[in-house]
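Here's a quick tour of the empty space in a structure and of the elements around it. Have the model open while you read.

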Amino acid sequence: MGSVALRNIRKSYGAVEVLHGIDLDISDGEFTVLVGPSGCGKSTLLRSIAGLETISGGEIVLDGTVINRLQPKERNIAMVFQNYALYPHMDVAKNMAFSLRLAKESKEEIARKVNAAAEILDLVPLLERFPRQLSGGQRQRVAMGRAIVRDPEVFLFDEPLSNLDAKLRVQMRAEIKELHQRLKTTTIYVTHDQIEAMTMADKIVVMRGGHVEQIGSPLELYDNPANVFVAGFIGSPAMNFLPAKASADGLRTASGVILGAPGTQLKNGHDIIAGFRPEDLRLADTGIPAKIVVIEPTGAETEMVLRTPDGTVTLTTRDRIPHAPGDQVHLSIVPGKMHCFDAATEVALGQVGTAS
């Protein structure tokens, strides 16, 4: 079992509090991703779970046992670091076996565990090589192997792919997810890359400024963001936002453009932020007037940046675009795909139907 419960976790450095009462439940076998911008507290939270940081308040519970006072080596948690943290003077086999030798396990048991992990990670041909002889992806697999041999209750990953190039990141993403599906070990993974979070997680925890903004599955956060921050952070390209006001004839922008019909929860004069995803924006004969600024074909999709009277928006489409930068066009929002957020609090008010 490897369930983890965080209860009112606080962490301060002197007078500066960086974690403000974090509550989180992670089920046994779940792949949970902590995501947020740099400085939001996600790595501090991960290091606190590992025992590398001493929390200022709250409880860390592993399978019903409070582990606050346990040393890192006593927590049965294995951590994979961003910089791999391999010993340069040891070959792959010795790097993977290091923690087992410290635990004074037998040579036979160490060999069995190292070989089993090497088989899983396709490292058998590399066991006699040194870290300097390995690629970035191979080093990362060695770091993962060193964690696997310990057979921990929980794996912790601290931005493990950030030092890899784009193509290798995609490959390693799939390898880590496949590894989790095979081992079914509880995994807590930290990243600032929301694409990693969306593609890998069973559950995403979005953090900002030491607070949890929203917890949910990738599609729950994508389809029903709790506030403007989550809506803008989850999804690439990011959600479009335009300021508007509820009126009798619809959601009206400052320039007078009608975006859609307000829901019943909106009163006339209510200042809102209208949000809509780039894939939910369409070229149309009438609607929101816009000027094309940039067209970026990527092959399967085309991304367009357009300037409206009320702000810049992004559109993505799989259609071929018969336009050029500088062209004047009109835009419409797919019915049922517009989100409303209170302009003062930035909290979600729900979705509203859009004008056709």
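## The cavity

Start with the enclosed space. Searching the whole structure, which is a predicted model, turns up one cavity of 30 Å³ or more. The space inside the largest cavity comes to about 50 Å³.

So who's sitting around it? Its lining is made up of F31, F155, F157, I176, L179, H180, L183, T185 and T187. Two elements each give two or more residues to that lining: β7 (154-158) and α5 (166-183). The largest share belongs to α5, with four residues. Sort the lining of the largest cavity by class and you get six nonpolar residues, three polar ones and no charged ones.

## The pocket

Now for the open space. What volume does the largest pocket have? The answer is about 680 Å³. There are 20 residues in its lining, and K73, I77, S99, L102 and R150 are the ones nearest the centre of the pocket.

In terms of elements, β6 (77-80), α2 (92-102) and α4 (136-148) each contribute two or more residues to the lining of the largest pocket. Helix α2 supplies the largest share there, namely four residues. If you're thinking about the chemistry of the wall, the lining of this pocket breaks down into 15 nonpolar, four charged and one polar residue. For comparison, the lining of the largest cavity has no charged residues.

## How α2 meets α3

Since α2 gives the largest share of the pocket lining, let's look at how it sits against another helix. Two packed helices are described by the angle between their axes and by the distance between those axes.

For α2 and helix α3 (residues 107-121), the axes come within 10 Å of each other and cross at roughly 135°. Are the two helices parallel, antiparallel, perpendicular or oblique to each other? Angles over 145 degrees would count as roughly antiparallel, and 65 to 115 as roughly perpendicular; α2 and α3 are therefore oblique to each other. As for handedness, the α2 and α3 crossing is right-handed.

## The annotated span

One last item comes from a record rather than from the atoms. UniProt, in an unreviewed entry, puts the feature "domain: ABC transporter" at residues 4-234.

In the model, the C-alpha atoms at the two ends of residues 4-234 are 25 Å apart. Helix makes up 37% of the span and strand 26%.

Methods: Residues numbered from 1 in each chain as written. Predicted model: local features only at pLDDT ≥ 70, side-chain atom pairs only at ≥ 80, totals over all residues. Heavy atoms only, no water. 1 Å grid on protein atoms, 1.4 Å probe; cavity = no way out; pocket = protein on both sides within 12 Å on 5 of 7 lines; lining within 4 Å. Points joined across faces, edges and corners; volume = space filled by probe spheres on them. Nonpolar A, V, L, I, M, F, W, Y, C, P; charged D, E, K, R; others polar. UniProt positions renumbered as here; feature names shortened; annotations may be inferred. Axes fitted to C-alpha atoms, helices over the stretch in contact; angles between N-to-C directions. Parallel < 35°, antiparallel > 145°, perpendicular 65-115°, else oblique. Left-handed = near helix turned anticlockwise from the far one by under 90°.
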